[in-house]
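The following exercises are meant to be worked through with the sequence and the structure in view. Each task is followed by a solution in steps.

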Amino acid sequence: MKGGQTKSDSMQAGNKLKGKGAGAGKRAKKAAKDPNKPKRPASAFFVFMEEFRKQYKEANPDNRSVSAVGKAGGEKWKSMTDAEKAPYVQKAEKRKSEYNKKMQAYNLKLAGGGNDDESDKSKSEVNDEDEEDEVSSNSNTNLI
């Protein structure tokens, strides 16, 4: 064939295209999340949204759109003064301090898990010493 592709050439081009794409074959596996790890605290806006959702739902019981609630909440948050936002900021800071305490306890627990290896080593050293004592006492009995 003049200037055209053979059947095998077109098949090879098709195979080359299959392997290409956004991160084809190069996806890294995410590390598994620890279910015991504390969740991050909500920001002041999300603390506000918890209350706002309830109010909005009472005022508009027939509304089923999540986006409408989010848009209305965002508009109200933007229109609020810092004084009006202050109670939500305080609640968010309180949640953040509780989160920090929980994270410290969580990190200590993780670090505490690493100390088990050291205690195992010390146990094996004690067992080795006991075995040496038994060997030396057995060798003394053989001499008699």
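**Exercise 1: The salt bridges**

At 31% relative accessibility, R95 is classed as partly exposed. The model that provides this value is a predicted one.

*Task.* Determine how many salt bridges the structure holds, and state which side chain R95 meets in one of them.

*Solution.*
1. The structure holds two salt bridges.
2. In one of them the side chain of R95 meets that of E50, at 3.1 Å from N to O.
3. This pair links distant parts of the chain, since E50 belongs to helix α2 and R95 to helix α4, 45 residues apart.
4. E50 has a relative accessible area of 34% and is therefore partly exposed, the class between buried (under 20%) and exposed (over 50%).
5. Another salt bridge joins E51 to K91, whose closest N and O atoms are 2.9 Å apart.
6. Here too distant parts of the chain are linked: E51 lies in helix α2 and K91 in helix α4, with their positions 40 residues apart in the count.
7. E51, at 28% relative accessibility, counts as partly exposed, and K91 is partly exposed with a relative accessible area of 39%.

**Exercise 2: A lysine without a salt bridge**

*Task.* Decide whether K85 is buried or exposed, and find which side chain of opposite charge is nearest to it.

*Solution.*
1. K85 is found in helix α4, which covers residues 82–114.
2. K85 is buried, and it has no salt bridge.
3. The nearest side chain of opposite charge is that of D82, 4.8 Å away.
4. A salt bridge requires the nitrogen and the oxygen to be within 4 Å.
5. With neighbours within four places in sequence left aside, K85 is in contact with W77 and M80.

**Exercise 3: The two sides of helix α3**

*Task.* Identify which residues of α3 are buried and which exposed residues are carried by the face turned away from them.

*Solution.*
1. Helix α3 takes in residues 66–79, 14 residues in total. From first C-alpha to last it reaches 20 Å, close to the 20 Å expected at 1.5 Å a residue.
2. The buried residues of α3 include V69, G73, G74 and W77.
3. These residues lie on the same side of α3, because they cover an arc of only 130° around the axis.
4. In general, an α-helix has 3.6 residues a turn, so residues three or four places apart point the same way.
5. The face turned away from the buried side carries the exposed residues K71, E75, K78 and S79.

**Exercise 4: The surroundings of Y56**

*Task.* State where Y56 is placed and which residues it touches, not counting those up to four places away in sequence.

*Solution.*
1. Y56 has its place in helix α2, residues 44–59.
2. Its relative accessible area is 18%, so Y56 is buried.
3. Y56 touches N63, A68, V69 and A72.
4. Of these, A72 is 16 residues from Y56 in sequence, and their C-alpha atoms are 8.6 Å apart in space.

**Exercise 5: The chain as a whole**

*Task.* Give how many helices and strands the chain has, and what share of its residues is buried.

*Solution.*
1. The chain has five helices and zero strands, in the order α-α-α-α-α from the N terminus on.
2. Of its 144 residues, 12% are buried.
3. Among contacts between residues at least 6 apart in sequence, 71% join residues at least 24 apart.
4. The accessible surface comes to about 12800 Å², and 52% of it belongs to carbon and sulfur atoms.

Notes. Residues are numbered from 1 along each chain as its sequence is written. This is a predicted model: local features need pLDDT of at least 70, side-chain atom pairs count only at pLDDT 80 or more; totals for chains, interfaces and linings use all residues. Side-chain values use heavy atoms; hydrogens and water are left out. Helices (H or I, at least four residues) and strands (E, at least two) are DSSP runs, numbered from the N terminus. The expected span of a helix is 1.5 Å times one less than its number of residues. Buried means under 20% relative accessible area, exposed over 50%, partly exposed in between (1.4 Å probe, protein chains only). The arc is that of the directions from the helix axis to the C-beta atoms. Contact means heavy atoms within 4.5 Å. Accessible areas come from the Shrake-Rupley method with a 1.4 Å probe; for residues, only the protein chains shown count as cover. Lys and Arg count as positive and Asp and Glu as negative; His and the chain ends are not counted.
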